[in-house]
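Visitor: I would like to go through this structure and ask what stands behind each term.
Guide: Please look at it first.

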Amino acid sequence: MVQLCANGARGSADGAVVPLSPEAVADSVAEAVAAGATDVHVHPKTPCGRDTLSPRVLAATLEAIRARLPARVPVGVTTGAWAEPDPAARVARVRSWTVLPDHASVNWHEPGAEETAAALLERGVPVEAGVWSGTDGADRFLRSPLAPKVLRVLAEVTDTDPATARDSARALLTGLGTAHGRPVLLHGEDGGAWPVLRLAGRLGLATRIGLEDTLFLPDGSRAASNAELVTAALREWASARGDAGWTSARRDAGWTSTRGYAERTSARRDAGWASTDRDGG
């Protein structure tokens, strides 16, 4: 799975290519889904371009997107603390939504994460557990009684250095262990976006791409659209995953994309593979 992350917390300062209004987001998402994205994550915005959990704005954004997409494509939203810093107010916002997303992300290191996730689950909204590198999110998630109930784990590598982002990703995945058996989506951001996406391909993990995570294509040129990023991501991910040796080792070791990184690393070692990851196909 390659999820589209259409806009993130970016704003007009990041360029006209970043979609902000419900209509612009819907147009951009529709193009990206046509390019091959199979899941969508968006940040609804106020008219001035700020992230919001407002039921009115969320409804307008979801309705605009869904009018342009096949029914089978899930559309999720953020519940990031920057959109509503007060944990109690964030929960109240979730409970006030009149149109529900297909899933919502909760950053597990943020204050009020457990309460926000619980409120979403009570409303029947599946939760994506955002676990960021460089935080205590993994420890908090693994201790949470809600962890086995989440839709998936978003393993978010915040290391933007392309030289070290892969190592940060491996450390994050190791810290997550089996992740309570939940599927893992691995992604990076800015300079780390493409190296981490390729690592996800080699590990057979779901990933994501979009203007939230990077404004640039793998060759360093500026992306013209979310659709262009998705097209490049599918090519890079498939190339990384298609390495014949890795594919054979994964099959012989019985890997699946929903098993924990630590378990896959053990299987990889048992299959006789040294740690020779490289950035590229």
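Guide: What follows takes the sheet, the helices and the core in turn, for a model that is predicted.

Visitor: What makes the sheet open, and in what order do the strands lie?
Guide: There are 8 strands, in the order β7-β6-β5-β4-β3-β2-β1-β8, with parallel pairing. At the edges are β7 (184-187) and β8 (207-209), each of which pairs on one side only. The sheet is open. On average, neighbouring strands are turned by 25 degrees against each other, direction ignored.

Visitor: How do you know that β2 pairs with β3?
Guide: Two strands count as paired if there are at least two bridges between them. Strand β2 (residues 39-42) and strand β3 (residues 75-78) are joined by 3 bridges, so they meet that definition. The two run parallel, and H41 has G76 as its bridge partner in β3.

Visitor: What joins β2 to β1?
Guide: Strand β1 (residues 2-5) pairs with β2 over 3 bridges, again in the parallel sense. Here Q3 has D39 of β2 as its bridge partner.

Visitor: Why are both faces of β2 called covered?
Guide: A residue is buried if its relative accessible area is under 20%. D39 and H41 on one side are buried, and so are V40 and V42 on the other. Residues on each side meet the cut-off, therefore both faces are called covered.

Visitor: Which helices lie across these strands?
Guide: Among them is α2, which lies across β2 and β3 and runs at about 155 degrees to β3. Helix α6 (residues 165-176) lies across β5 (127-132), β6 (152-156) and β7, at about 145 degrees to β6.

Visitor: What describes the packing of α1 and α2?
Guide: A packed pair of helices is described by the angle between the axes and the distance between them. For helix α1 (residues 22-35) and helix α2 (residues 55-66), the angle is about 35 degrees and the axes are 8 Å apart. P22, V25, A26 and V29 of α1 make the contact with A60, T61, A64 and I65 of α2.

Visitor: What makes this contact nonpolar or charged in its residues?
Guide: Its residues divide into 7 nonpolar, 1 polar and no charged. Pro counts as nonpolar, so P22 is on the nonpolar side of that division.

Visitor: Which residues have the most contacts inside the largest nonpolar core?
Guide: They are V29, L69, W108, F141, L186 and I209, in a core of 73 residues. Helix α7 (residues 193-203) gives the most to this core, with 7 residues. Beyond its neighbours within four places in sequence, W108 is in contact with residues including A113, V127, F141, L146 and V150.

Technical notes: Residues are numbered from 1 along each chain as its sequence is written. This is a predicted model: local features need pLDDT of at least 70, side-chain atom pairs count only at pLDDT 80 or more; totals for chains, interfaces and linings use all residues. Side-chain values use heavy atoms; hydrogens and water are left out. A nonpolar core is a set of buried Ala, Val, Leu, Ile, Met, Phe, Trp, Tyr and Cys residues joined through side-chain atoms within 4.5 Å. Buried means under 20% relative accessible area, exposed over 50%, partly exposed in between (1.4 Å probe, protein chains only). Helices (H or I, at least four residues) and strands (E, at least two) are DSSP runs, numbered from the N terminus. Contact means heavy atoms within 4.5 Å. Axes are lines fitted to C-alpha atoms, for helices over the stretch in contact, and angles run from 0 to 180 degrees between N-to-C directions.
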